[in-house]
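Work through the exercises below with the sequence and the model side by side. Try each task before reading its solution.

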Amino acid sequence: MAAGALRLSSLVLLLGFISCQLMRFGSIGGNITLSPSSTVNFTEIIWKKGKDKVIEWGINLEVTPYSLLEGRVHLDLKSGDLTIFNLTSLDEDEYEMKSADLTDSSKFNLTVLDPLPPPTLNCTLINEIISVRCEVPQSYCQHRELLHYACHGPSPQCDGSWELEAPVLNFTKEGDLSREVHCFVKNPESNRTSSIVLSTCVPSDNSRHRYALIAVPFAVIVFAVGFLKYAGWTDRTTSR
C-alpha cells in the first residue's frame, strides 16, 4: 500500500513538473513524431534536445542535422514536425521547437520505454489457500511507476479495473481448480497478458498412487515367499 502511494505521488509530481509541456511516449527501437502546436508558413525552424540543437533550417540555410541525432531524424519543412527513428533510452529528454514565425515555442517531454515483457504469475499454497501474484519481472527496471495491472478470473478482486499495485489473488484449494486466472499489464505504449490454471498451483497426488502401486507387488512377493515356506514345512512333516 505504501509503495503504491509513493508511486502515485511520484507520478503526480512528474505531471506537475511538466504541466506546461506535452508528454510523449515512445518505445526503444520505435519511431516518434513531435508536432508543434501551431503551423504557419515557416521561414526558419530550430529543434533542440535540452540545450543542444538537434536540427535546424532556414530560408538561407539548408536542413542541418547535428551529431546528437544525426542520421535518425527527419524535419518536415511544411508542418515543422520532427521525427526521430530507432529510439534509444538516451533520446529521453525535453524537446523544444523554436521559430521566429511563432509567438511561443512548443515543448515536449519524451519518455522512452523498454519493451514490455509479459507479466509473471507465481502461486503459493499455504494453509489450503492458493495465492497468485501477478507482476512484471524486475529486469524491467525503468519507469515502473507507469505500469498498471488488471486481472480477470473467478475472484471478486478481478473486476477489470486498472491498478498501480501488482495484484495478489487468493483462492481456496477446495474450489474449482480448472479455473484460469488472467493477468494484464500495460504502460502508455503497449500491453501484455499472461494466464495460469489454478490446478498447477497444487502438488499432484501421484506420489501416493505410486507408493500404493509399489506396495502391491511387495505384498504379493511376501505372500508368495510365506506360502512356499509353509508348503515346504508341510511336505517335511508329511514325509515323517
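**Exercise 1.** Find the cysteine that is joined to cysteine 134, and state which strands the pair ties together.

*Solution.*
- Step 1. In this predicted model, a disulfide joins cysteine 134 to cysteine 183, with an S to S distance of 1.5 Å.
- Step 2. Place the two ends. Cysteine 134 lies in strand β11 and cysteine 183 in strand β14, so the bond ties together parts that are 49 residues apart in sequence.
- Step 3. Check burial. Cysteine 134 and cysteine 183 are both buried.

**Exercise 2.** Locate the disulfide of cysteine 123 and classify each of its ends as buried, partly exposed or exposed.

*Solution.*
- Step 1. The partner is cysteine 201, at an S to S distance of 2.3 Å.
- Step 2. The angle about the S-S bond is -105°, and the link of cysteine 123 and cysteine 201 is left-handed.
- Step 3. This pair links distant parts of the chain, 78 residues apart: cysteine 123 sits in strand β10 (residues 120-126), and cysteine 201 in the loop between β15 (191-197) and α2 (206-239).
- Step 4. Buried means under 20% relative accessible area. Cysteine 201 has 8%, so cysteine 201 is buried. Cysteine 123 has 26%, so cysteine 123 is partly exposed.

**Exercise 3.** Give the pairing pattern of the bonded cysteines.

*Solution.*
- Step 1. Count the bonds. The structure holds two disulfides.
- Step 2. Number the bonded cysteines of the chain in sequence order. The pairing reads 1-4, 2-3.

**Exercise 4.** Which residues of the largest nonpolar core touch the most other members, and which elements give two or more residues to this core?

*Solution.*
- Step 1. The core has 25 residues, and Ile130, Val132, Leu147, Tyr149, Phe171 and Leu198 touch the most other members.
- Step 2. Two or more residues come from each of β11 (129-135), β12 (148-152), β13 (168-172) and β14 (180-186).
- Step 3. Take phenylalanine 171. Not counting residues up to four places away in sequence, its contacts include Ile130, Val132, Val181 and Leu198.
- Step 4. Look beyond this core. Another core, of 20 residues, lies apart from it, with Ile32, Leu102, Phe108 and Val112 among its members.

**Exercise 5.** What joins the side chains of serine 131 and asparagine 170?

*Solution.*
- Step 1. Serine 131 is in strand β11.
- Step 2. A polar contact of 2.6 Å joins its side chain to that of asparagine 170.
- Step 3. Leaving aside neighbours within four places in sequence, serine 131 is also in contact with residues including Cys123, Val168 and Leu169.

Key
Residues are numbered from 1 along each chain as its sequence is written. This is a predicted model: local features need pLDDT of at least 70, side-chain atom pairs count only at pLDDT 80 or more; totals for chains, interfaces and linings use all residues. Side-chain values use heavy atoms; hydrogens and water are left out. A nonpolar core is a set of buried Ala, Val, Leu, Ile, Met, Phe, Trp, Tyr and Cys residues joined through side-chain atoms within 4.5 Å. Buried means under 20% relative accessible area, exposed over 50%, partly exposed in between (1.4 Å probe, protein chains only). Helices (H or I, at least four residues) and strands (E, at least two) are DSSP runs, numbered from the N terminus. Contact means heavy atoms within 4.5 Å. A polar contact is a pair of N or O atoms within 3.5 Å; within protein, one must be able to donate a hydrogen and the other to accept it, and residues adjacent in sequence count only if both atoms are side-chain atoms. A disulfide is a pair of cysteine sulfur atoms within 2.5 Å.
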